[in-house]
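Trainee: I would like to go through this structure slowly and hear, for each label, what earns it. Could we set the values against the definitions as we go?

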Amino acid sequence: MSRFIIVALLMVAAAAGGLLLQPSARMPVLADGHLAEMVPKQFAGWRVDERVAVIAPTADVQANLDQIYDQVVSRGYVNAQGKRMMLTIAYGGDQSDAFKAHRQEVCYSSQGFVVSGLHGVPLAVSQQGATLPAIRFVAAQSNRVEPVTYWFIMGEKAVRSQTERLETQIGYGLRGYVTDGVLVRVSSIDPDINAGFADQQQFVTELLRTLPPNVAARLTGQSSFVGAPA
């Protein structure tokens, strides 16, 4: 059965489910917290650097993001070696059909970047070897070369495809939950693409190790987060 047919069937099922069910329960932790307070401004040798400008969306893209996400934290960090990293974490309390997550490659393309090398990767998130399905690509504009790593958690599960998102939405809906979602994006300006991705893995590892376990679990979709990789 083709992916198109599967997606179509899932959309029909989601619509039918929506008529029969009115999910109302909210997911815990991020829905009740303040994202800006949860994400540290200084950790493991990294500190916020106001001079690091996180790419700002265009007005029309921003309007879409305002509808999709309730809370957005965008910061630039620098470490003692002078490496700079851009972090965006966005949380939306309702990721139903009306509010779909924004694909970052589309976001960059809409702002004039040339996107290449789009691929999925297993990103390490725990000492026990747990990974999550992340997406990587390279965005280029003039002399700016920006490797990007991002992932999206729907409820408590990392999802990449539209089919996975619909399956997850239906599953939570049947249990009475309004499905929330969190997007985590890390990027750096580095013409050495492999080095940039390696730095991003290290940054993510150190950030997850610093966060409270319950917050790290919600940001990674790990039901029993027990610590970041050594």
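**From values to labels**

Mentor: Under the rule that a salt bridge is a side-chain nitrogen of Lys or Arg within 4 Å of a carboxyl oxygen of Asp or Glu, the count comes to four salt bridges. This is a predicted model, in which local features need pLDDT of at least 70 and side-chain atom pairs count only at pLDDT 80 or more, while totals for chains, interfaces and linings use all residues. Residues are numbered from 1 along each chain as its sequence is written, and side-chain values use heavy atoms, with hydrogens and water left out.

Trainee: What makes Asp-199 and Lys-83 a salt bridge?

Mentor: Their closest N and O atoms are 3.1 Å apart, and because the rule asks for a nitrogen within 4 Å of a carboxyl oxygen, the pair qualifies as a salt bridge. It joins distant parts of the chain, for Asp-199 is in helix H6 (residues 193–210) and Lys-83 is in the loop between strand S4 (71–78) and strand S5 (84–92), 116 residues apart. Helices (H or I, at least four residues) and strands (E, at least two) are DSSP runs, numbered from the N terminus.

Trainee: Why is Asp-199 called buried, and what is Lys-83 called?

Mentor: Buried means under 20% relative accessible area, exposed means over 50%, and partly exposed lies in between, with a 1.4 Å probe and protein chains only. Asp-199 has 13% relative accessibility and therefore counts as buried, whereas Lys-83, at 36%, counts as partly exposed.

Trainee: How do you know that Glu-105 and Arg-103 also meet in a salt bridge?

Mentor: The N to O distance between their side chains is 2.8 Å, which satisfies the rule already given. Glu-105 has a relative accessible area of 8% and so is buried, while Arg-103 is partly exposed at 29%. Another such pair is Glu-146 with Arg-144, at 2.7 Å from N to O; here Glu-146 is buried at 0% relative accessibility, and Arg-144 is partly exposed at 24%.

Trainee: Where is Ile-189, and what does Ile-189 touch?

Mentor: Ile-189 is in the loop between strand S11 (181–187) and H6, and its relative accessible area of 49% makes it partly exposed. Contact means heavy atoms within 4.5 Å, and, not counting residues up to four places away in sequence, Ile-189 touches Met-86, Arg-144, Val-145 and Glu-146.

Trainee: What makes a group of residues a nonpolar core?

Mentor: The term stands for a set of buried Ala, Val, Leu, Ile, Met, Phe, Trp, Tyr and Cys residues joined through side-chain atoms within 4.5 Å. The largest such core has 30 residues, and those with the most contacts inside it are Leu-87, Ile-89, Trp-151 and Phe-203. A second, separate core of 14 residues includes Ile-135, Phe-137, Val-148 and Leu-183. In soluble globular proteins, nonpolar side chains tend to be buried together.

Trainee: Why is the pair of Phe-43 and Tyr-77 called edge-to-face?

Mentor: Rings of Phe, Tyr and Trp (its six-membered ring) pair if their centres lie within 6.5 Å, and planes under 30 degrees apart count as stacked, over 60 as edge-to-face and the rest as tilted. The search of the whole structure finds seven aromatic pairs. For Phe-43 and Tyr-77 the centres are 5.5 Å apart and the planes are at 65°, so the pair is edge-to-face. Phe-43 lies in strand S2 (residues 42–43) and Tyr-77 in strand S4, so parts 34 residues apart in sequence are tied together. Both residues are buried, and Phe-43, Trp-46, Tyr-77 and Phe-203 form one aromatic cluster.

Trainee: How do you know that the span of H6 agrees with what is expected?

Mentor: The expected span is 1.5 Å times one less than the number of residues. The 18 residues of H6 should therefore span 26 Å, and its end C-alpha atoms are 26 Å apart, which agrees. For helix H5 (residues 162–174), the 13 residues should span 18 Å, and the end C-alpha atoms are 18 Å apart, so this helix agrees with its expected span as well.

Trainee: How much of the protein chain counts as buried?

Mentor: Of its 230 residues, 48% count as buried, and the chain contains seven helices and 11 strands.
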